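Good morning, everyone, and thank you for letting me take a few minutes of the meeting. I would like to walk slowly through one structure, so please have the sequence and the picture open while I talk.

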Amino acid sequence: MDKTMILVPGRTTKQGVGLIDSKFKKDYREATTTVEINVEDMARLGLEDGCKVKLRSADGVVTVKCTGRRTEDLPPGLMFIAYGPPTSKLMGKDTAASGMPLSKHLEVELKRVS
Amino acid sequence: MMRVAEKAKSEGNIKIVEDATCTFCGCLCDDMVLTVDVDAKKITKAKNACVLGKALFLNYEEEDRPFALIGGKEATTAEAVEEAAQILANARFPIIYGMSDTTCETQRKAVGLMDMLGGTIDSTTSVCHGPTGMALQGVGESTATLGEIKNRADLVIYWGGNPAESLPRHFARYAVTAKGMYTPNRKKDRTIVNIDVRHTKSVPVADIFIQVKPGADFELLWALRALVKNRHVDPNIEKKTGVSMKTMKDLVERMKNCRYGVLFFGMGLTMTRGRHFNSAAILSLGSDLNEYTHFIATPMRGHGNVTGADTVVAWQTGYPFGVNFSRGYPKFNPGEFTATDMFVRGDADAGLILASDPGSNFTQAAVDHMKKIPMIVLDPKYTHTAKLARVAFTTAHYGINVPGTAYRSDGVPIELRTCLDSKYPSDEEVITAIYRRVEQLLIAKKRSKGANNKRQKAA
Amino acid sequence: MGSTLRIVNGRVHDPANGVDGKTRDICIKDGKIVKSVPPKTKCVDAKGMVVMPGGVDIHCHIAGAKANIARKLQPDDHRRDIHRRMELEKINTRSGTGGTVPSTFTTGYRYATLGYTTAMEAAAPPLLARHTLEELDDTPVIDKGFYILMGNNVLLYKMLQEERHEEIRNAVAWWLNATKSYTTKLVSPGSDEPWKGHRNATITQLNDKIDGFEQLTPRKIITSMVNTVDDLGLPHPVHIHCNNLGHSGNYKTTLETMKAADGRRIHVTHIQFHSYGGKPDGEPTSKAPEIAEYINNNPNITADVGQVMFGKSTSMTADAPLAWMLTRYSNDKRWVNADTECESGCGIIPFAYQERVYTHALQWATGLELFLLSKDPWRMVLSTDHPNGGAFTSYPRLIRTLMDREFRKQQMESVNQRAVAKIKRGHHMEREYTLQEIAIITRAGPARILGLKNKGHLGPGADADITIYDEHEDKELMFSAPRYVIKDGRLIIDNHEFRNNHEGKILHVSPLYDEGIEDVIRPFVEDFYTIRFDNYAVSDHYAPRREVIPTTKQ
Ligand code: SF4
Ligand SMILES: [Zn+2]
């Protein structure tokens, strides 16, 4: 339970700029494969900036890098990541007859890999 | 092919194009001053553009890519049109999806193509503010063009959106630091509120930040509606939403007592638990407040011309997105005729992706199905979807090479100027060519069917 | 070598040329009516049929921002009223949906199917003209134009406040050119400022001061625009939706508005909605006799009725405070408000007129009274303010109500009796409109009021827009299904069948103006709008097929 977190994907300027340039270049990949985690959560889970974590949702698994954010910016239990290929892997497929998969409120399990 | 009176000065190979429009985001800023090196085919300066707009213009280069790819092999546009038309004419349940980054002129033709084919048409709206479109059908809305907000709004509330990073000039042009008729002192004449689950880059400009617990937006909205109407609210709401009663009441007082209030909301509401219920709640809150003052509630839309897509599909069919023509007339059913569902369920047997990249931003299950069926892609860039497509067209950039119309997120239509020619065809030209060829193929098909029937009868 | 056609044996109703039911040939060449065609020309035999010019709708809401929000708002309004795609020999038509706010293609086809060949969208904010034009371009068969909303225009207010009349004239001309529109429309002048800026209030008296513009009153705006449009010599005068629409006792405002024109040309639209007696906030009564009498006696005034028809409607109007007021009377809780910067407001609500409701029955009866008391059909023409009073598809029923006394009486008996009892009895209640009068109020009259010299008649030089009806006892049946409809000389409906698609054109004006006015408008737009001045005017691209209707000065 304590490793289940809520992941909020969203747009960022870096991701936006990267997307214009090319989705196949390093900047875009960097921008979309770094997850922000609350520093207290990181300490609790024994994570440091830059280490790799595995995120598992009901629909997929991805490995990304992590970086810490202060509690004022990101409350415990919440993680943020820029839109990109990893978020698509985690996103739900059921739209509950709305056409919209839940894509900004993903329950994911977190595991350190390196 | 300039359609707007060209507003350009030239000196040698340097051309200045004034009042061009940036199509990167829903702000659709039409005050770009572009310096163009005609020989190098580069835009060297984009005055007034934000960081995203600069990236769009300054990174522009005429790609050195084949006109088209069929099965990954180089092909001419004409060959690709033939292949695409064959795919569509032989499909039983094709879909067109995307449309948010192309002109209305293209969108109009695309809907016509699907009308003829009896397929499905959907835009990126279904995974953006589609739920808001559904909410509108239930509760209506109180909306305004952005200029009215600039001129009058003294209370601006951002909810579940981060314009600082997704609509960078929203603050300066329209709602925070913009100077308007009754807001001559800009930000001093306005109170800015930000409501979000996290401290985004949009929070610093706000006078008040309210942090709501993830997934509790609906509860907070509903409590605010109750408080606006002076109804009792269970104090447990504080625990549920993470927002104190005092904060809620203060916000309600501000909303009721402002002169002209605005609720701008983002996908923090439409993409989370509650979806269209969240949108309906915030639209209703906006409408309710008109008992006390003038109030607006309006979505912030992302892509350059996503609003145009809803607009065109609605005027041609009566419905904003997720429209199917297989019975010979338009039917609307989100969850059935929306792209994610069509792909995830495996319904679509061919897809035409117009200026969008679901191959990279759709859920994996949808992408898996796209890989199984013949896909056609029109895009200036090589995308993840192009990579998995059977036919990929390289097309010219709208707003740079191609003129036409785009609708700002508030419904104001803007005519795009061009600054550089392209050797690639426009989306509109490709769709038109596909349309003509599909029409021929369908007529031929019908004739041979008729002939078959006759033969059978004779036998 | 152009295409030619001859219509023979039909009884022709061409009031503009004084032809009242005489049998005569109509000759067509290259989309125009001509004196004669070679003897071997293809013939349409109209024996036993009535030949009229194509219908002209002077006031409807069919295209643009507000129509489209109304479509998006109400899937329930059209999901059962489908319009199938047709596969014709050479051309495919487009599918769509109907209801009270049909999709654009369906709008065009259905007007044509009723024998209407011209329709005017009555209200568009100039800033959104491109949207209106794009939708009109997707509205097939018919010719069309639109009016721009100028009664709540902030820049004009500023000019008027300072009595800069010459500049106002140039600015209005600039705006008409910039939008490719047909005339100016005033909707409840003065009401947007209190609505947008002062806690949703409105303005009720012609002499009330307007918020933020202490020198201004609705009366000043009305007089200024009447004079401006008249001075510019526009083919159609200012088109006015008076203040206080729908309110009890509003007939006084309507009379005052007409008097404010001071003998100059003015078109008062959907006047039925402005002909009520009674106390404010009390039940309305009919003041149709007073209004009809005033119009009968004042030839400078023209009007369309804005008849209410029972059933589903959509209330959509630039009169935002009105829509807000109506939400109190609507069972449907959906409400749309949409402000356009510096130019307009807008309100939309789904609505339904019911026979048993006093007010609705009274509105219906008031409309009929206006028709029946009108002495000059050329100046009191047919409209339902589509889709506000009812959809344009209800015109045939309205025509029967006017032509068929017995039918009308039957209906009178089945609606709210308290309302009917308030209507003045008298000789006029027995009146039956003749075919000739119907031809006037549905085509010849609107065309003349619009100043469309080539429409609404069948004389040489006219556009070959012609409708041929089977004669029939049941006038609703007769007018719902013409036997032939000809647009620009092409047979669109041939023997009741839709045979040809066609693209109509945009009708607009292009009055002259002093270009210096741009130096006045430019800084205002750059300060208080959100698009650049040079991106404001629409280019020709938005009206690929168009006809400029000259002003009297051109
Ligand atoms: S705010 Fe949006 S439209 Fe304006 S310049 Fe930036 S990216 Fe372009
Ligand atoms: Zn009207």
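Before anything else, please keep in mind that what you see is a predicted model. I will begin with a strand in chain A, and in particular with Val35(A), which stands opposite Ile81(A) in strand S5 of that chain. The two strands concerned, S2(A) with residues 34-38 and S5(A) with residues 78-82, pair in the antiparallel sense, and 3 bridges hold that pairing on record. S2(A) also has a partner in S4(A), residues 61-69, and here the sense is parallel, with 5 bridges. One of the residue pairs in that second pairing is Thr34(A) with Lys65(A), which is its bridge partner in S4(A). Is this strand S2(A) enclosed by the rest of the structure, or open? Of its 5 residues, 4 are buried, and therefore we can describe S2(A) as largely enclosed by the rest of the structure.

Let me now turn to how the chains meet. There are 2 pairs of chains that touch, and the pair with the most contacts is chains B and C. Chain A and chain C, by contrast, do not touch, and their nearest C-alpha atoms are 15 Å apart.

I will take chain B with chain A to start with, where 49 residues of chain B are in contact with 38 residues of chain A. About 3600 Å² is buried between these two chains, and carbon and sulfur atoms give 62% of that area. If you would like to find some residues on the picture, look for Arg198(B), Met271(B) and Arg275(B), which together supply 18% of the area that chain B buries against chain A, more than any other three residues. How many salt bridges are there between chain B and chain A? The count is 0, while 11 residue pairs are in polar contact across this interface. Several helices of chain B give two or more residues to the side that touches chain A, among them H4(B), H11(B) and H16(B), and the helix that gives the most is H1(B), with 4 residues.

The other interface, chain B with chain C, takes 75 residues from chain B and 61 residues from chain C. The area these two chains bury between them is about 5600 Å², with 45% of it on carbon and sulfur atoms. Here the rule finds 10 salt bridges, and an example that you can locate for yourselves is the one in which the side chains of Glu341(C) and Arg408(B) meet, at 3.9 Å from N to O. Polar contacts across this interface involve 47 residue pairs, and on the side of chain B that touches chain C the largest share, 7 residues, comes from helix H3(B), residues 104-117.

Staying with chain B for a moment, please look at Arg65(B), which sits in the loop between H1(B) and strand S5(B). Is this arginine buried or exposed? Arg65(B) has a relative accessibility of 17%, and because the cut-off for being buried is under 20%, Arg65(B) counts as buried. Its side chain is joined to that of Thr394(B) by a polar contact of 3.2 Å, and beyond its sequence neighbours within four places Arg65(B) is also in contact with residues including Asp379(B), Tyr382(B) and Tyr424(B).

My last stop is chain C and the zinc ion, ligand 2. Which protein residues act as its donors? They are His59(C) and His61(C), each through NE2, and Asp385(C) through OD, lying 2.0 to 2.1 Å from the ion. Along the chain these donors follow the spacing H-x1-H-x323-D. His61(C) lies in the loop between strand S8(C) and helix H1(C), whereas Asp385(C) lies in the loop between strand S22(C) and helix H13(C), so the pair ties together parts that are 324 residues apart in sequence. Both His61(C) and Asp385(C) are buried.

Elsewhere in chain C, helix H5(C), residues 154-161, contains Leu160(C), which is buried with a relative accessible area of 7%. Setting aside sequence neighbours within four places, the residues in contact with Leu160(C) include His165(C), Ile168(C) and Leu216(C). Thank you for listening, and I am happy to go back to any part of the picture.

Notes
Residues are numbered from 1 along each chain as its sequence is written. Chains are lettered from A and ligands numbered from 1 in the order in which they are written. This is a predicted model: local features need pLDDT of at least 70, side-chain atom pairs count only at pLDDT 80 or more; totals for chains, interfaces and linings use all residues. Side-chain values use heavy atoms; hydrogens and water are left out. Buried means under 20% relative accessible area, exposed over 50%, partly exposed in between (1.4 Å probe, protein chains only). Two strands pair if DSSP finds at least two bridges between them. Donors are N, O and S atoms within 2.8 Å of the metal (3.2 Å for Na, K and Ca); water is not among the atoms, so sites may look incomplete. Contact means heavy atoms within 4.5 Å. Buried area is the accessible area (1.4 Å probe) that two parts lose on being put together, summed over both. A salt bridge is a side-chain nitrogen of Lys or Arg within 4 Å of a carboxyl oxygen of Asp or Glu. A polar contact is a pair of N or O atoms within 3.5 Å; within protein, one must be able to donate a hydrogen and the other to accept it, and residues adjacent in sequence count only if both atoms are side-chain atoms.
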